[in-house]
Amino acid sequence: MSDLIQTYLPNVYKIGLWGEDGWFMATYTTLYMTIWAFLIGGLIGLLTGLFLVLTAPGGVLENKFIFQILDKVTSVFRAIPFIILLFILAPVTYFLLKTNLGPTAAIVPLSVATFAFFTRQVQVVLSELDRGVIEAAQASGATTFDLIKVYLSEGLPDLIRVSTVTLISLVGETAMAGAIGGGGIGNVAISYGYNRFNHDVTWTATLLILLIIFSIQLLGDLLTRKLSHR
Amino acid sequence: MSETIIQLDHIDITFHQKKKVIEAVKDVSVSINKGDIYGIVGYSGAGKSTLVRVINLLQIPTAGTITIGGQVTFANQEVQLSPAELRQKRQKIGMIFQHFNLMAQKTARQNVAFALRHSDLSKIERAKKVEELLDLVGLSDRADNYPAQLSGGQKQRVAIARALANDPEILISDESTSALDPKTTKQILALLQELNRKLGLTVVMITHEMQIVKDICNRVAVMQNGALIEEGSVLEIFSHPKQALTQEFIRTATGIDEALVKIEKQDIVEDLASNALLVQLKYAGHATDEPILNEIYKRFEVTANILYGNIEILDNTPVGELVVVLSGQLDALEAAQQAILEAGVALTVLKRGA
């Protein structure tokens with residue numbers, strides 16, 4: 001096996017499995033950035049999306065002012081291309097982490113991008129829930145907190161579905177994080193592969209990313225199907 | 001007299017939509033007694049749903065006064081209850097919907113239990129109550145099914161069990177049978193009637209089907225363009241409808257329109273003899289006891305050929321409708337018509353022989 005790789009994919013072999021620049025570290029870095037950005041951005045996005053629906057006109061906590069603010073903030077961050085967001089958020093990243101380089105620094109812009117993306121997805125999922133179900137809960141004397149629980153439990157399968165979509169687009173964005181020294185598989189593909197004409201490296205990195213993405217998709221679909229009782 | 005449980009006084013509901021003002025409900029006053037099955041009929045957009053939602057304040061009116069069970073819940077353009085009091089009040093007003101509105105991610109049992117989460121019952125008592133409720137609606141064996149695994153009628157039963165969880169005094173039914181087939185509709189209506197009798201539940205039901213009103217209601221209100229145009233006991237409304245819309249609704253319920261179309265195609269009606277009249281007779285109550293058609297034959301030798309007949313028992317009172325061809329001498333025909341009217345039967349001439 002090792003001989004085969006050495007013969008046909010010489011540059012892939014040269015990078016090696018372990019070590020600072022190895023394939024293992026690159027994969028770990030990609031997953032590290034993806035998971036943290038998803039946890040942070042996803043949580044903020046979930047709350048923002050939820051409150052967008054609650055404060056929307058006709059919503060349970062209708063509030064034009066808060067709705068407009070949340071809506072505009074989300075729109076702005078959603079509109080900025082990620083590669084630009086990486087650079088304009090640099091001062092914020094520096095303020096929070098005292099550095100602008102490395103995978104941890106990349107988590108800040110990744111989280112912001114995820115928050116905006118996920119907020120919209122959550123908003124769509126929750127606002128498409130049957131308004132009648134919420135009304136029935138209200139009619140039975142539900143508190144606002146009860147209603148939030150209804151929103152989240154009724155939306156759960158779809159929230160998982162959009163989490164899958166978000167995670168997949170996030171993996172794509174981590175590849176760009178290489179631009180600020182974020183590392184990861186995307187960085188390997190560009191720095192070690194494309195830029196040095198090592199096409200075997202580029203293709204191997206691409207395959208690895210595809211593998212991660214398909215795994216996420218598979219897991220997401222499985223979970224959605226398992227949890228949906230529609 | 002029986003006790004008033006729902007009192008709506010001069011309710012106005014106005015919506016503002018992009019500079020457009022929509023008056024959904026206009027100066028409606030309704031008084032519903034404890035134990036009533038009160039029907040509210042009207043076409044879509046008449047304001048029925050909007051109006052009943054003020055009972056549990058899912059809809060806040062623009063003006064008017066609402067009194068529920070002797071407690072003023074809305075007056076002077078303000079809700080008179082604290083949020084906690086409002087939630088408690090809502091627990092005592094069950095509501096069921098056209099599309100059931102069950103939580104798809106929860107089983108029948110969990111859906112019913114959801115309504116009990118703020119009750120004072122212990123966990124064990126709650127579980128027991130849920131079982132009792134599911135038993136009451138005849139769904140004990142489907143407790144662990146999700147709504148998607150239930151038929152429309154079964155879903156509505158779960159919804160009824162949920163609505164009854166906190167032992168409400170009032171049940172609001174918003175087109176609760178409109179999405180069901182005729183057989184299931186009958187079963188659900190029978191269940192509502194049984195609950196009304198067994199638990200003394202006051203039922204307010206919105207429908208666009210007069211047939212339903214006829215089957216189970218004791219009082220009815222007719223709404224048109226946000227206004228209440230006619231109100232009364234089912235017997236009054238069915239035997240003496242005043243408004244054109246009410247008459248229209250009643251005709252669809254009795255099926256007389258369809259019958260008339262068929263009758264008009266019959267030879268005897270198409271070639272109506274010159275000494276004959278096609279008339280429609282309507283009577284209610286005691287008038288049905290007297291053999292009026294028999295009498296006009298004896299007195300005026302006017303024969304009556306019955307082409308269509310329909311008798312309903314509304315509130316223990318028979319209400320009938322006949323379409324007959326009267327034949328006889330011209331003056332005898334006049335006298336017979338007079339005699340029919342004097343007997344308290346409404347008569348409409350549909351066609352004169354030529």
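In chain B, strand E3 runs parallel to strand E10 (residues 219-224), and 4 bridges join the two. The model is predicted. Within this pair, B:Val41 of E3(B) stands opposite B:Val222 in E10(B). E3(B) also runs parallel to strand E9 (residues 202-207) of chain B, here with 5 bridges. In that pairing, B:Ile37 has B:Val203 of E9(B) as its bridge partner.

How many residues of strand E3 of chain B are buried? The strand covers residues 37-41, and 5 of the 5 are buried, so E3(B) is largely enclosed by the rest of the structure. The cut-off for buried is 20 or more other C-beta atoms within 10 Å. Both faces of E3(B) are covered. B:Ile37, B:Gly39 and B:Val41 are buried on one side, and B:Tyr38 and B:Ile40 are buried on the other.

Now step out to the sheet around this strand. It is an open sheet of 6 strands in chain B, in the order E7-E8-E9-E3-E10-E11. Its pairing is mixed. The parallel pairs of E3(B) with E9(B) and with E10(B) belong to this picture. E10(B) and E11(B) run antiparallel, joined by 6 bridges. There, B:Gln224 stands opposite B:Ala227 in E11(B). The edge strands are E7 (93-97) and E11 (227-233) of chain B, and each pairs on one side only. From one strand to the next, the twist averages 15 degrees. A helix lies over part of the sheet: H5 (residues 152-163) of chain B crosses E7 and E8 (170-174). H5(B) runs at about 165 degrees to E7(B).

Chain B also has a second open sheet. This one has 4 strands in the order E13-E14-E12-E15, with antiparallel pairing. Why is one side of E13 and of E15 left without a neighbour in the sheet? Strand E13 (303-314) and strand E15 (346-352) of chain B stand at the edges; each has a single partner strand, so one side of each is left without a neighbour in the sheet. Neighbouring strands are turned by 15 degrees against each other on average, direction ignored. E13(B) and strand E14 (residues 317-327) of chain B pair in the antiparallel sense over 11 bridges. One of the paired positions is B:Gly309, whose bridge partner in E14(B) is B:Leu322. Helix H13 (residues 330-342) of chain B lies across E12 (276-284), E14 and E15. The helix runs at about 150 degrees to E15(B).

The start of chain B has its own pairing. Strand E1 (residues 4-17) and strand E2 (residues 20-33) of chain B are antiparallel, with 10 bridges. They form a hairpin with 2 residues between them. At the turn end, B:Gln17 has B:Lys20 in E2(B) as its bridge partner. B:Lys18, in the turn, has a positive phi of about 45 degrees.

Next come the domains. The domain assignment of chain B gives domain 1 (35-63 + 92-253) and domain 2 (256-352). Their centres, taken over C-alpha atoms, are separated by 39 Å. Contact between them involves 9 residues of domain 1 and 8 residues of domain 2. On the domain 1 side, helix H8 (234-239) and helix H9 (244-254) of chain B each supply at least two residues. H8(B) gives the most, with 4 residues. By class, this side of domain 1 has 3 nonpolar, 4 polar and 2 charged residues.

The two chains meet as well. Which helices of chain A each supply at least two residues of the side that touches chain B? The contact as a whole takes 17 residues from chain A and 20 residues from chain B. Helix H8 (131-139) and helix H9 (144-176) of chain A each supply at least two residues of the chain A side. H8(A) provides the largest share, 6 residues. The chain A side divides into 5 nonpolar, 7 polar and 5 charged residues.

Finally, take one residue of chain A. A:Val188 is found in helix H10 (residues 185-193) of chain A. Is A:Val188 buried or exposed? A:Val188 is buried, because 30 other C-beta atoms lie within 10 Å. Leaving aside neighbours within four places in sequence, A:Val188 is in contact with A:Ile15, A:Ala26, A:Gly193, A:Val201 and A:Ala205. A:Val201 is 13 residues from A:Val188 in sequence, and the two are 7.6 Å apart in space, C-alpha to C-alpha.

Technical notes. Residues numbered from 1 in each chain as written. Chains lettered and ligands numbered in written order. Predicted model: local features only at pLDDT ≥ 70, side-chain atom pairs only at ≥ 80, totals over all residues. Contact = placed C-beta atoms within 7 Å. Nonpolar A, V, L, I, M, F, W, Y, C, P; charged D, E, K, R; others polar. Domains from an automatic or database assignment. Buried ≥ 20, exposed ≤ 12 C-beta atoms within 10 Å, placed from the backbone. Pairing = 2+ DSSP bridges. Axes fitted to C-alpha atoms, helices over the stretch in contact; angles between N-to-C directions.
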